[in-house]
There are 2 protein chains.
Amino acid sequence: MPLPVPVPPDGVDPAWLPPAAFRPLGSRRILIRGSGPLVDTVHGEVAEACARSEGRVVRGPGPGAAAFDLVLEVDGVGGETFTCGRRDGTTTVTALGGAGLLYGLFHVVRLGEEAFSGEWAPETHRPALALRMLDHWDNVAVHPVMGQVERGYAGGSLFWADGRARGDLDRVRSYGRLLAACGINAVAVNNVNVHETEAHLLTDRIGEVAAIAAALRPYGIRTHLSVTFAAPMVLGGLPTADPLDPAVRAWWAEATRRVYEEIGDFGGYVVKADSEGQPGPFAYGRSHADGANLLAAALEPYGGTVHWRAFVYDHHQDWRDRTTDRARAAYDHFVPLDGEFAANAVLQVKHGPMDFQVREPVSPLIGAVPRTRLAVEVQATQEYTGQQRHACWLGPMWSEVLRFRPQGPEGPSVGELAEELVAVSNAGDDPFWTGHPLAQANLYTFGRLAWEPGADPHRLLDEWIGLTFAPVARPTADGVRAVLDGSWRTYEKYTAPLGVGFMVQPGHHYGPSVDGYEYSPWGTYHFADRDGIGVDRSAATGTGYAAQYAKPWSQTYESPETCPDELLLFFHHVPYGHVLHSGRTVIQHIYDSHFEGVEEVEEAVRMWASLAGLMDPARHARVAERYEEQLRSAREWRDQINSYFFRKSGVPDERGRRIC
Amino acid sequence: MPLPVPVPPDGVDPAWLPPAAFRPLGSRRILIRGSGPLVDTVHGEVAEACARSEGRVVRGPGPGAAAFDLVLEVDGVGGETFTCGRRDGTTTVTALGGAGLLYGLFHVVRLGEEAFSGEWAPETHRPALALRMLDHWDNVAVHPVMGQVERGYAGGSLFWADGRARGDLDRVRSYGRLLAACGINAVAVNNVNVHETEAHLLTDRIGEVAAIAAALRPYGIRTHLSVTFAAPMVLGGLPTADPLDPAVRAWWAEATRRVYEEIGDFGGYVVKADSEGQPGPFAYGRSHADGANLLAAALEPYGGTVHWRAFVYDHHQDWRDRTTDRARAAYDHFVPLDGEFAANAVLQVKHGPMDFQVREPVSPLIGAVPRTRLAVEVQATQEYTGQQRHACWLGPMWSEVLRFRPQGPEGPSVGELAEELVAVSNAGDDPFWTGHPLAQANLYTFGRLAWEPGADPHRLLDEWIGLTFAPVARPTADGVRAVLDGSWRTYEKYTAPLGVGFMVQPGHHYGPSVDGYEYSPWGTYHFADRDGIGVDRSAATGTGYAAQYAKPWSQTYESPETCPDELLLFFHHVPYGHVLHSGRTVIQHIYDSHFEGVEEVEEAVRMWASLAGLMDPARHARVAERYEEQLRSAREWRDQINSYFFRKSGVPDERGRRIC
């Protein structure tokens, strides 16, 4: 039986699955072979596309494949792999399981008319990473200051409303469909900072999680839950949450048994422990491996995993103390534990050592725990990259991370070292899903990179443009590509320079404040004085962070002479007159890049204006409105950063431009 | 009939009216002559004191005054004036009205045993200022970020709870009693930023205001209400709030008539218009005089007044624009309107040109509107002076303001130019009324200075100590005086230097952030660069603000050579090496004062610790706990300010102390 395609509420943007994207497929004769719920989902998609575009679909063994333009068939024991080839006028997708068939279907959708022309030998597609996950920092209860979604810039939660799981889950079904179409297969449905209300999702409110899981399941997505390490105390009334305490272990075992009673394919737990005020095993003198293994043991009988976040550092640091270095923390905490984590415990590591800045080096932890299952975490929600008021397509940044080789050119890439890729979601109940319509490209690119970490991100951007603006005309495609392609580097140019990071307003993290975190307990410093700027993280004279890398990176980063320009101030404190590889001094680079960044935004604004009339007017208007704010904000960044450093250094701009 | 003395809820601190303060009076034979509600209040006070200390009270013409230790009598047409003398063993207080008798009673309480020894000729006491008012920035509805009381540091509102006026008004009655005892005779019961809920207090919810007014009335306090200028639109459904529109005038007349139906002695309206986002007459091309006179006309038939706040400035200023000067705004807006305000319209002017910083010059507006009724506004709530976590007794600052002579040594003082004195209240439903128990001294001193602006504030502090710690022993009196006497200057030393102001964290305004408001739209800048610091407000080369003063002040402030040290950076941008009148350079002054300020807090902490066991343990403990935070915060201020200026100037401390 075909499963009807979910219908999102009126006014919700179709994102990268507009009806037009299905037209090439929908006008064909299609045979579907196989059974099972995900095949029913595929059947529903095909049936709807055919109903709309006068194609034809047959389910079952069929009257001979040659009579069809497209054959979608399951032939195997299960899984996400599929092959796709074309011969004698028939395109054939053969999948090992229902999930593979679903991904194969969306592969055909992406190919568009190309899927039905020429001939080619069967190609096998399989995801490089087994788990491709979105973490939602959604709360059930709305926080008076942070709102409902922590670091959310796209309205309220897709899952939770009015203090409970949404009753009408059509929007969630549509969301699952979008995620499947870019390859995502797991979602954690609540904030890693687990507050009081949300703690109960694990026990008495698990039914609400089950309802969400049921809505996501038809598109191959498993549901995960963030839990508090203190649950045995908070929910179970035990006097301790000590991971080695038998009563605690029994409590988790029983709680987990009940979770699986409700959600048979439950994915597992996500835990932020001993971090930024969250409880954890340190309180009992236990290690993070002890903590993670406690939950892993409870999940193991059911095939679940625990995602244990490695974001552990001292957030009550004294800014006067220059020896403590927050960048070192994850490595220092977790490398000694390598080999101690259970097989179903996954260490979830942020891609950089700090916190999702526009530019960071790759976390040295990623190459340093060979006996630990690793998930690499990126941030689709644009906390530090413009909060979905700025267009900032992060594909190139994520791709650089995934292609980085921690052990040098001969070693494996991050995309090969990681078993999983996780993003903090940028979606909410906004009509455009992501606040800024162009931020949809981040969500899409993330999913596709998780499937294929070595992919050229620019190709994925073109995929997204082709689907989203289908049927896309050349000027639109060129225009959208032009405004997004370099937008990450543009954003980098007008914000904190040369890898030094932060310089944002405290708390909400939007807009410039050069000293906003300079004298704070958060460990985020630039140490600018009248002579120079940057953090000395060398082994020779600094915090020693550079030595956490394997060679050759430890050597590359150790010296300002070899350190890449874009990371110079992350690794070194240098005089304003220090000459970069680019040939410019640091201070002149600051001025130049800030003027350039604003000019690039001005150019994007003009380009976007030229696209009026070439797309859905509501989408065009929303982006145009965001660009107004981006331009204002970029100018504010430019002027504050340039003024700050001019006041401090006293060095005038070589080109005599006005610095306020 | 004696009115029973209000009993505050259990656990509420008696502040400056502990039973012990009434003991000298309560053990005497006392005759009360006169009638009326305030005489009943006096009678109740005396009866309770006598009941407790075995004295005796007679009401009526009495059997001959000579048989009494104290005669309290009304002999006149009304008013607040009283005389007090002593002859032949009888102390006599003769008042023109019930209010005068009440103030006379508290005068006798303050005198203690001295009231009953020796002889002295009758002295007449009358308040220098007719209106001595507290503005409460209390909201009915609790704001998710600001809390209930805007800039309140003493718990919730005394007047409003659970979305309406408190049902149990005993606490309000006790509050009124405390206020009367220091001379305050008017209270505005809601925030000058009038939000949606609070707008309705004027009309359908006036009954709640009436209940509060009834609770305050027995202690001679009239109630005022903050209203929104947009009320005719918000509440009346009119299409405009134009002050010259006949329908608008009629609406205000009718609304005011109804207010007086409910509250016969209603004091009037308080209005913040065209300020920080509040609506006002500018929207209709009308002047502030037009706006104020609209409300004055409505109030006039009933003897009410409108308090029109002069806090009008551009809070969307561009920091890049050095010509706009927020300090100029009040003068520029209101001097041209001098003479245009109605007789019952009072222009309420903040004491300084900015916003209640620890050090500001006196507002030049105060001496410049001779044909306008003036109220001078100070801030008892310690928004910028430690938020009642720091001990900072503001008496000396207010006294300096009140004794300042805007037209030079021969001209009148501010205390003589002002007809009224207003403070933003620092009280809330905290058990100690003011959060920090020692902040009670600010409330007390304010009331007493409003009665007698020329008083030596240190004498008033001693009064407060004598009452609050009654019966006070020498070590306690000396200790409390030692920690409070210089606390304002101590606070000044470790925060923003030399009158430059701000340098606080944006939003909540607690703790240091040197550049926190430096690139903001609020007009609060220090312009520090690697060479120097300060705002050039001279007429010759700066914003011209200094020329708003009459001579000799315009000349004094115009030049860095004659400008007082403590205001230097408010008026001038000078190099770090500029030598102050003190003989120190600006940069060395910054270092020295910050080290000294912290040392003075350390000394206060030690002094306070030595007072343990000499007073109510709860009060001692609360203050000790606040001192812990004050010391931590003062060190943070010292280190951030010193580091900031060392990094910027590169000038080392002459004395080689550690700067982080």
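Contact here means heavy atoms within 4.5 Å. Keep that cut-off handy for the exercises, and remember that this is a predicted model.

**Exercise 1. Work out how chain B and chain A sit relative to each other, and what their interface holds.**

Step 1. Start with the contacts: 24 residues of chain B touch 25 residues of chain A.

Step 2. Now superpose the copies. Chain B lands on chain A after a rotation of 180 degrees with 0.0 Å of shift along the axis, and the RMSD is 0.0 Å. The two copies are thus related as by a two-fold rotation axis.

Step 3. Check which surface each copy uses. Of the interface residues of chain B, 100% are also interface residues in chain A, so the copies meet through the same surface.

Step 4. Put an area on it. Together the two chains bury about 2,300 Å², with 47% of that on carbon and sulfur atoms.

Step 5. Look at the polar side. There are 17 residue pairs in polar contact between chain B and chain A, counting pairs with both residues at pLDDT 80 or more. The interface also has six salt bridges. For a concrete case, go to B:Arg647 and A:Glu518, which form a salt bridge with their closest N and O atoms 2.9 Å apart.

**Exercise 2. Trace the strand pairing around E4 of chain B.**

Step 1. Find E4(B) at residues 82-87 and E5(B) at residues 90-95; they run antiparallel and are joined by six bridges. One pairing to click on is B:Arg86 with B:Thr91.

Step 2. Inspect the turn. E4(B) and E5(B) make a hairpin with two residues between them, and B:Asp88 in that turn has a positive phi of about 50 degrees.

Step 3. Look for another partner of E4(B). Strand E6(B), residues 120-125, pairs with E4(B) in the antiparallel sense over four bridges. Here B:Phe82 stands opposite B:His125.

**Exercise 3. Is B:Gln630 buried or exposed, and what does it touch?**

Step 1. Locate B:Gln630 in helix H20 of chain B, residues 617-649.

Step 2. Take its relative accessible area, which is 3%. The cut-off for buried is under 20%, so B:Gln630 counts as buried.

Step 3. List the contacts, skipping neighbours within four places in sequence: B:Arg389, B:His390, B:Ala391, B:Tyr494 and B:Val601.

**Exercise 4. Sort three salt bridges by where their partners lie in the chain.**

Step 1. Get the overall count: 106 salt bridges over all chains.

Step 2. Take B:Glu254 and B:Arg258, with 2.9 Å from N to O. They are four residues apart in helix H8(B), residues 246-262, which means about one helical turn separates them. B:Glu254 is partly exposed, at 29% relative accessibility.

Step 3. Move to B:Arg309 and B:Glu377, whose closest N and O atoms are 2.7 Å apart. This pair links distant parts of the chain: B:Arg309 is in strand E15(B), residues 305-309, and B:Glu377 is in strand E17(B), residues 373-379, 68 residues apart. Both residues are buried.

Step 4. Finish with A:Asp592 and A:Arg657, at 2.5 Å from N to O. A:Asp592 belongs to helix H19(A), residues 586-610, while A:Arg657 is in the segment after helix H20(A), 65 residues apart. Both A:Asp592 and A:Arg657 are buried.

Technical notes:
Residues are numbered from 1 along each chain as its sequence is written. Chains are lettered from A and ligands numbered from 1 in the order in which they are written. This is a predicted model: local features need pLDDT of at least 70, side-chain atom pairs count only at pLDDT 80 or more; totals for chains, interfaces and linings use all residues. Side-chain values use heavy atoms; hydrogens and water are left out. Two strands pair if DSSP finds at least two bridges between them. Copies are superposed by least squares on the C-alpha atoms of residues with pLDDT of at least 70 in both. Buried means under 20% relative accessible area, exposed over 50%, partly exposed in between (1.4 Å probe, protein chains only). Buried area is the accessible area (1.4 Å probe) that two parts lose on being put together, summed over both. A salt bridge is a side-chain nitrogen of Lys or Arg within 4 Å of a carboxyl oxygen of Asp or Glu. A polar contact is a pair of N or O atoms within 3.5 Å; within protein, one must be able to donate a hydrogen and the other to accept it, and residues adjacent in sequence count only if both atoms are side-chain atoms.
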